[in-house]
Amino acid sequence: MDNGYTVYLIYFGGDVMDNEKLHACCFFGHRKINKTPELLEKLTETIEFLIADKGVITFYFGSKSEFDDLCYKVVSDLKEKYIYIKRIYVRVTYQHIDDAYKNYLLESYEDTYFPEQIENSGRASYVKRNREMIDNSDYCVIYYDKSYVPPKSKNNRQDLLCNKTKSGTAIAYDYAAKKGKKVINVI
């Protein structure tokens with residue numbers, strides 16, 4: 001499918017991938033996005049490129065953002081064509097889940113888990129979850145506007161004292177760069 005979009009990989013170095021390793025991708029982005037037909041088309045082309053050309057078969061998902069929801073929809077639609085791909089939901093809440101809830105999640109995902117390092121992390125749990133997904137991925141597909149500054153929280157003293165609060169997406173992007181991951185920004 002050629003629609004005029006070019007997929008750019010931002011490669012930050014790191015080890016050469018082992019051919020024996022299963023290729024994986026995670027998603028992260030701002031909670032609110034400008035959802036346009038062009039974004040959906042670019043995201044679909046990017047994910048299909050990763051599956052067909054780069055051998056990605058595992059996709060890690062978080063929650064809490066419109067971008068996560070859109071990525072889940074695209075991967076699920078592509079699963080009809082590429083039936084072997086796996087969707088994995090990385091939970092940030094509910095360390096221990098009963099069979100009923102697990103079965104409910106497995107109606108939408110092929111697997112789910114709660115990373116050990118998230119336990120008792122409080123507000124940092126989302127940052128730690130994103131790091132877990134990045135660590136397990138070769139590629140990160142992101143929706144990241146570098147000029148975005150999250151609104152200041154009235155309840156967070158650091159936000160009130162600090163001029164510029166860093167978004168969770170910015171924190172994840174910096175971590176992916178530090179880890180040498182291949183990052184694709186779809187904005």
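In the predicted model, Arg87 counts as buried, its relative accessibility being 10%. Arg87 belongs to strand β4, which spans residues 86-90, and its side chain is engaged in a salt bridge with Glu110, for which the closest N and O atoms lie 2.8 Å apart. The two partners bring together distant parts of the chain, since Glu110 is placed in the loop between α3 and β5 and is separated from Arg87 by 23 residues. Through salt bridges with shared partners, Arg87 and Glu110 are joined with Lys79 into one network.

The contribution of Lys79 to this network is a salt bridge with Glu110, with an N to O distance of 3.9 Å. This pair, too, links distant parts of the chain, with Lys79 located in helix α2 and Glu110 in the loop that runs between α3 (99-105) and β5 (111-113), 31 residues apart. Lys79 is classed as buried because its relative accessible area, 16%, falls under the 20% limit. Glu110, by contrast, has a relative accessibility of 33% and is therefore assigned to the partly exposed class, which covers values between 20% and 50%.

A further salt bridge is found within a single helix, where Lys73 pairs with Asp77 at a distance of 2.7 Å between the closest N and O atoms. Both residues are part of helix α2, which comprises residues 66-79, and they are spaced 4 residues apart, or about one turn of the helix. Lys73 is partly exposed, with 40% of relative accessible area, and Asp77 is likewise partly exposed, at 41%. In total, 6 salt bridges are counted in the model, among them the pairs Lys73-Asp77, Lys79-Glu110 and Arg87-Glu110.

Charged side chains also appear in a surface patch of positive character, which is made up of Lys128, Arg131, Lys178 and Lys179. Of these residues, Lys179 is situated in the loop between α6 (168-178) and β7 (182-185). With a relative accessibility of 41%, Lys179 is counted as partly exposed, and this value satisfies the requirement that members of a patch have over 30% relative accessible area because 41% lies above that limit.

Ser167 occupies the loop between α5 (157-161) and α6. Its relative accessibility is 6%, and Ser167 is accordingly classed as buried. When residues up to four places away in sequence are left out of account, Ser167 touches His30, Tyr148 and Pro150.

These local features are set within a protein chain that contains 6 helices and 7 strands. Read from the N terminus, the elements follow one another in the order β-β-α-β-α-β-α-β-α-β-α-α-β. The protein chain consists of 187 residues, of which 44% are buried, and its exposed area amounts to about 10900 Å², with carbon and sulfur atoms supplying 48% of that area. Where contacts between residues at least 6 apart in sequence are considered, 77% of them join residues that are at least 24 apart. The salt bridge between Lys79 and Glu110, whose residues are 31 apart, links distant parts of the chain, whereas the partners Lys73 and Asp77 are both contained in helix α2.

Note on methods: Residues numbered from 1 in each chain as written. Predicted model: local features only at pLDDT ≥ 70, side-chain atom pairs only at ≥ 80, totals over all residues. Heavy atoms only, no water. Patch = residues over 30% accessible without salt bridge, like charges linked within 9 Å, V, L, I, M, F, W, Y side chains within 5 Å. Areas by Shrake-Rupley, 256 points an atom, 1.4 Å probe, with all protein chains shown as cover. Salt bridge = Lys/Arg side-chain N within 4 Å of Asp/Glu carboxyl O. Lys, Arg positive; Asp, Glu negative; His and termini not counted. Charge placed at Lys NZ, Arg CZ, Asp CG, Glu CD. Helix = DSSP H or I, 4+ residues; strand = E, 2+ residues; numbered from the N terminus. Buried < 20%, exposed > 50% of the residue type's maximum accessible area, 1.4 Å probe, protein only. Contact = heavy atoms within 4.5 Å.
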